[in-house]
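Here are some notes on the model, set out as numbered points for discussion. They move from strand pairing to the contact between chains.

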Amino acid sequence: MSTVSEQTATSKIQVKELRKSFGSNEVLKGIDLQVGEGEVVCVIGPSGSGKSTLLRCLNKLEDISAGKVIVDGFDVTDPKVDINEVRRHVGMVFQHFNLFPHMSVAENIMLAPVELKKLNRTEARAKAEELLTRVGLAEKANARPASLSGGQKQRVAIARALAMSPGIMLFDEATSALDPEMVGEVLQVIKELADSGMTMVLVTHEMGFAREVGDRVVFMDGGVVCEEGKPEELFGNPQQERTRDFLSKVL
Amino acid sequence: MTRWIAAAAIGFMALVAGAPGALAQGNESVEGQTYVIGTDTTFAPFEFRQDGELTGIDMDLINTIAEEQGFNVEIRSLGFSAALQALSSNQVDGVIAGMSITDERKEIYDFSEPYFESGVQMAVDRDDETTKGYEDLEGETVVAKTGSEGETYAKSIADEYGFTVKSLDQSATMYESVKSGSAVAVIDDYPVLAYGIAQNNGLKTVTDKVPGGSYGFAVNKGENTALLAAFNDGLAELKASGEYDKILNEYLADPSAAVPSNFFDLVAKSLPALMTGLGNTLLVTAISFAVAMVLGLLFGFMKISGNIVVRGISTSFVNIFRGTPLLLWAFMFYFGLPQLTGWDVSIWVAGVLTLSLNAGAYIAEIVRGGIQSVDPGQLEASRSLGLGYGKSMQKVVVPQAFKMMTPSLINQLIIMLKDSSLLLAIGFAELLYQGQQIYAANFRVTETLLIVGVIYFIAIMALTKLANFADRRFNK
């Protein structure tokens, strides 16, 4: 496992000159980003700006065309690095939940710890119940995902992502597929996570939430980072014309 | 057709097995000797199987003569051409197979006195009161057997009486054509026709016998003279004692004397053989399906591989076996493969190869489709947890794909069970083959096929119920 010496002591994620192309279409055109330990970074921007692609490059769900991505000390662009090992340190929550429909809620959460031999079944079951209590769904342990509401599914997905006790959590538009009345319960869980000191990167359309929970907000457009700063600065006094234009449309 | 294929197959196996050598030689007395006699597989009423035993006029004659003359016979049911080949190479001592004595054959074999005078006759439906002779055939269709004396004769008079000759392969099919009305009459060899009518095939003869060839028992030229002499002596004695007429009458008796047996007698008599056939059908299907599943999973996964060579191999496999008829592979594996490789390919191996490679190609497509129908987000979610590709497929993707594949797999299993009937073409003793054997002897084609159809239907319904039960049980 190669660690990278030049990283700053408190930096959990370092992105340098990251480029990503799908065929001839370049989606990320040189991104630089740093996320410190315990920091919550919200990424906002119009559709097609590359926010989700950036997030998916962080755990290499997308192959990286050029540049460097260092996550929790691992250089994920180095082919010698075991990406499965890196992913155990990085939990991810998807827009469409992606729960495993053929397993119960508890089995969804137990899968990774048991299969990766981190915990035995009894320990994994206890861990699953603890996580479910944390997201307010202790009574749903034996339910099938299909019987849950959208908000409940996403809370289970968060519990599943936490099962390997990751140091970093990635949220890819976690509330976009939810009915409006269910957004609150999921944001509540995410906020509690943020308050517990978890390092997080959130791609979101919830501007109010980004403002409330984010330590820093990154505005992306056209495959580049246009502007970043503290929420009150970026939302209150945006410096770039494109940022102002975007915020005027969504706020 | 099956008769020729079976003959070719058995002939070939005889060649592979190597020559056992003639068992008896010279002019010494036949007393106490054992002779190997070759014959055809099915040529009713001269030789055919009844309840598994080889019987018929030829068999009764040779056995009775052997008993009278004090020698033993060992019968080899090889098929007509294979029996003649075996005689030429001294693998058998004699051949009795309803064989016409011809000048060409006399040059290479020595024949006994004729033991049967054949000829050609015409028959019509038992209830047909209008067709009484050739002059009533104007504008009608008449069926005859391909390559038979009956066909030659029918064609020779077709223009004179203004009818059309349609050639068919099997006696049973010819009789069905007449009974169903697609032909008005059949012109066939007299003994075959007489036997069919004696078996109550629903026809009656309306013309006198046109004298044709004589049948003889043959030995290789200059060999086994004692055997030939003993046959002639025995035949003369049987004719003198009246035993000869008794044997002939047993197979060619006046049809008016025959009491038509009812449908349930037919069911009771044919059921044991049909059940054996059903057992073979189910067993070959079960084995082939297991092999096909392994092939299908292997090639299905290869089809979604990122490697273009691996994908290409799988695509070629699927295209080859989906793009060619099942029957072709049955012939290829059973007849072609042994000739190309020198291996002894058993009929079970050929049958399983044929069915499993064909179904394997379809199952590969089902597997590929099943896996690709699983939301890609499922694999991503599993990979994002740190599970490897193989583990993710095994725990997350394949269980869901399998659930979606199950109805298609059940369908494929049923198709395979039905397709297994094609193996009758290479002589595999499955259900429909057993049915054919039965109606080749009793000519009750429709009733026999009806019974076979009902058995297939029940077996498939039961299998479907079982598979659906298993599906509900394991794929909740």
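1. In this predicted model, strand E1 (residues 11-22) of chain A pairs with strand E4 (residues 66-71) of chain A in the antiparallel sense over 5 bridges, where strands are DSSP runs of E with at least two residues and helices are runs of H or I with at least four, numbered from the N terminus, and where two strands pair if DSSP finds at least two bridges between them. Within E4(A), A:Ile70 is the bridge partner of A:Gln14.

2. E1(A) also pairs with strand E2 (residues 25-36) of chain A, in the antiparallel sense and over 9 bridges, with A:Leu18 standing opposite A:Ile31 in E2(A). The hairpin of E1(A) and E2(A) has 2 residues between the strands, and A:Gly23 takes a positive phi near 60° there.

3. An open sheet of 6 strands in chain A follows the order E6-E7-E8-E3-E9-E10, with mixed pairing. E6 and strand E10 (224-229) of chain A each have a single partner strand and stand at the edges, so one side of each is left without a neighbour in the sheet. Neighbouring strands are turned by 20° against each other on average, direction ignored. Strand E3 (residues 40-44) and strand E9 (residues 216-221) of chain A pair in the parallel sense over 4 bridges, and A:Ile44 stands opposite A:Phe219 in E9(A).

4. Helix H6 (residues 180-195) of chain A packs on the sheet, touching E3, E7 and E8 of chain A, and its direction makes about 145° with that of E8(A); axes are lines fitted to C-alpha atoms, for helices over the stretch in contact, and angles run from 0 to 180 degrees between N-to-C directions.

5. Turning to the two chains, 22 residues of chain A are in contact (heavy atoms within 4.5 Å) with 17 residues of chain B. The area buried between them, meaning the accessible area (1.4 Å probe) lost on being put together and summed over both, is about 1,700 Å², of which carbon and sulfur atoms give 58%.

6. The interface holds 3 salt bridges, each a side-chain nitrogen of Lys or Arg within 4 Å of a carboxyl oxygen of Asp or Glu. One salt bridge joins B:Lys391 to A:Glu115, with the closest N and O atoms 3.0 Å apart.

7. On conventions, residues are numbered from 1 along each chain as its sequence is written, and chains are lettered from A in the order in which they are written. Local features need pLDDT of at least 70, side-chain atom pairs count only at pLDDT 80 or more, totals for chains, interfaces and linings use all residues, and side-chain values use heavy atoms, leaving out hydrogens and water.

Note on methods: Buried area is the accessible area (1.4 Å probe) that two parts lose on being put together, summed over both.
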